[in-house]
Amino acid sequence: MATITLSAIKADVGGYVGHADTHPRVRDAVVSTLEEQETFLEDYHVTSAGDDLQLILTHRRGSDDERIHELAWTAFEAGAAVAGELGLYGAGQDLVSEAFSGNVRGLGPGAAELTFTERPSDPVVVFAMDKTEPGAFNLPMYRIFADPFNTPGLVIDPGMQAGFSFEVWDVEADRTITLSVPEDTYKLLALIGSTARYVIKRVYPREGNDNETADPVAAVSTERLVDVAGEYVGKDDPVAVVRAQAGLPAIGEVLEPFTKPHLVDGWMRGSHIGPVMPVALSDSQTSRFDGPPRCIAAGFQVTDGELIGPNDLFDDVAFDGAREQANEQADYLRRQGPFEPHRLPEADLEYTTLPDVMDALTDDWEPIETTPQPSDSAPSPPIE
Ligand code: F6R
Ligand code: MG
Ligand code: MG
């Protein structure tokens, strides 16, 4: 089998209404562009999560390919033009750079790409989250590939006994480290528990696993809009791709972390902690308090480059309990209004509009007058 690349590239090019959803005409414009220019694609599918569109592209050109990224950029530009005509909110929001140059990474959109030799059958899940940031995938990725309480395959399938390697990016210092589980488990957790700074970029099967692939098995978009725009223009709303089955975690093991909604940064104004709610594709609009943060899961069989799907994997009553739990968590957190920890600490709001509010108060601050303490006055005479 030839090598195939699956590129999941996302952008918010305009919200309908506010930051809640995408508009069908914007999606149509994006799809038409792909249709017209698809000559070097094997297949494509366009989906959405909240106000973000995801282009799922298969091709033979490898990861980070200029023509593929240019195609994605052109398609998003066509969507942004329609969003502009319709007066949608934040039209062109994530197309931060003026023009395309080489690679969408660093220009605004986010990309998760996997290049692999197709197995006889290659089931893949494309996840997309809205109203949160790339580190929101740290916990589920850890559970899928490192936690035997989530993934019994780690214990009972010889395909996974050697464990997995995690490529972690420090998005503040622009450096990367690879840690292998099980032996580096605690070191890995020491990093990826800091979700804003250390982000799982890719996961690889380790040598010694008796399975059908040595290629990367998961990838997450790690682009930070604030690095491109220099100011807050929305959360990064990440996309992730995970391959499954036959010596890799089963589809059910890949989805299982989402039965326990975890808390992430994002939600209203990118400034609040909230639970990640797993939802069907048709339930991805984020209207309650601009959220709560959502995750969709589009399943595909990648067959000779063709995307057989999507299977809407969270459209299962078995996730109703998680959704209910997420709603309860949301109610509980909302009671706290503008107080931490529902609202993020001031240091994490550096790139939002809060510093402007603080700046406006600068001249109103006055020093606190303290009563002089004995230690502040003249030193006591020495004891004879
Ligand atoms: C969250 C998000 C929204 C907006 C909010 C205010 O990532 O995008 O919650 O921050 O709707 O938007 P503006 O300031 O554009 O009115
Ligand atoms: Mg938006
Ligand atoms: Mg969004």
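**Stop 1: a link between two strands**

Select R202 and E167: these two residues form a salt bridge, and their closest N and O atoms are 2.8 Å apart. The pair joins distant parts of the chain, since R202 sits in strand 8 (residues 198-205) and E167 in strand 6 (residues 164-170), 35 residues apart. Now look at E167 by itself: with a relative accessible area of 11%, E167 is buried. Please keep in mind during the whole tour that you are looking at a predicted model.

**Stop 2: a salt bridge that reaches into a loop**

Next, select R197 and D170. They form a salt bridge too, with the closest N and O atoms 2.9 Å apart. R197 belongs to the loop between helix 5 (185-192) and strand 8, while D170 is in strand 6, so this pair ties together parts of the chain that are 27 residues apart in sequence.

Is R197 buried or partly exposed? R197 has a relative accessibility of 26%, so it counts as partly exposed. Its partner D170 is buried, at a relative accessible area of 4%. The cut-off helps here: buried means under 20%.

Keep D170 and R197 selected and add E172 and R175. Together, D170, E172, R175 and R197 are linked in a network of salt bridges.

**Stop 3: one more pair**

Move on to R143 and D147, which form a salt bridge with their closest N and O atoms 3.8 Å apart. R143 counts as partly exposed because its relative accessibility is 21%. D147, at 15%, counts as buried. How many salt bridges does the structure hold? There are 21 salt bridges in the structure, so you can go looking for others later.

**Stop 4: the magnesium ion (ligand 2)**

Now for the metal ions. Select the magnesium ion (ligand 2) and show the residues around it. Which protein donors does this ion have? They are D12 (OD), H19 (ND1) and D51 (OD), lying 2.0 to 2.3 Å from the ion. If you follow these donors along the sequence, their spacing reads D-x6-H-x31-D.

Colour D12 and D51 to see how the site brings distant parts of the chain together. D12 is in the loop between strand 1 (3-11) and helix 1 (24-36), and D51 is in the loop between strand 2 (43-49) and strand 3 (52-59), 39 residues apart. D12 is buried, with a relative accessible area of 0%, and D51 is buried as well, at 2%.

**Stop 5: the magnesium ion (ligand 3)**

Stay with D51 and use it as your bridge to the next ion. D51 coordinates both the magnesium ion (ligand 2) and the magnesium ion (ligand 3), and these two ions are 4.6 Å apart.

Select the magnesium ion (ligand 3). What coordinates it? D51 (OD), D52 (OD), D130 (OD) and D237 (OD) do, at 2.0 to 2.2 Å. Along the sequence, the donor residues of this ion are spaced D-D-x77-D-x106-D. D130 lies in strand 5 (residues 122-130) and D237 in the loop between helix 6 (225-229) and strand 10 (239-243), so this pair ties together parts that are 107 residues apart in sequence.

For your last look, click D130 and then D237. D130 counts as buried at 0% relative accessibility, and D237 counts as buried at 5%.

Definitions and conventions:
Residues are numbered from 1 along each chain as its sequence is written. Chains are lettered from A and ligands numbered from 1 in the order in which they are written. This is a predicted model: local features need pLDDT of at least 70, side-chain atom pairs count only at pLDDT 80 or more; totals for chains, interfaces and linings use all residues. Side-chain values use heavy atoms; hydrogens and water are left out. Donors are N, O and S atoms within 2.8 Å of the metal (3.2 Å for Na, K and Ca); water is not among the atoms, so sites may look incomplete. Helices (H or I, at least four residues) and strands (E, at least two) are DSSP runs, numbered from the N terminus. Buried means under 20% relative accessible area, exposed over 50%, partly exposed in between (1.4 Å probe, protein chains only). A salt bridge is a side-chain nitrogen of Lys or Arg within 4 Å of a carboxyl oxygen of Asp or Glu.
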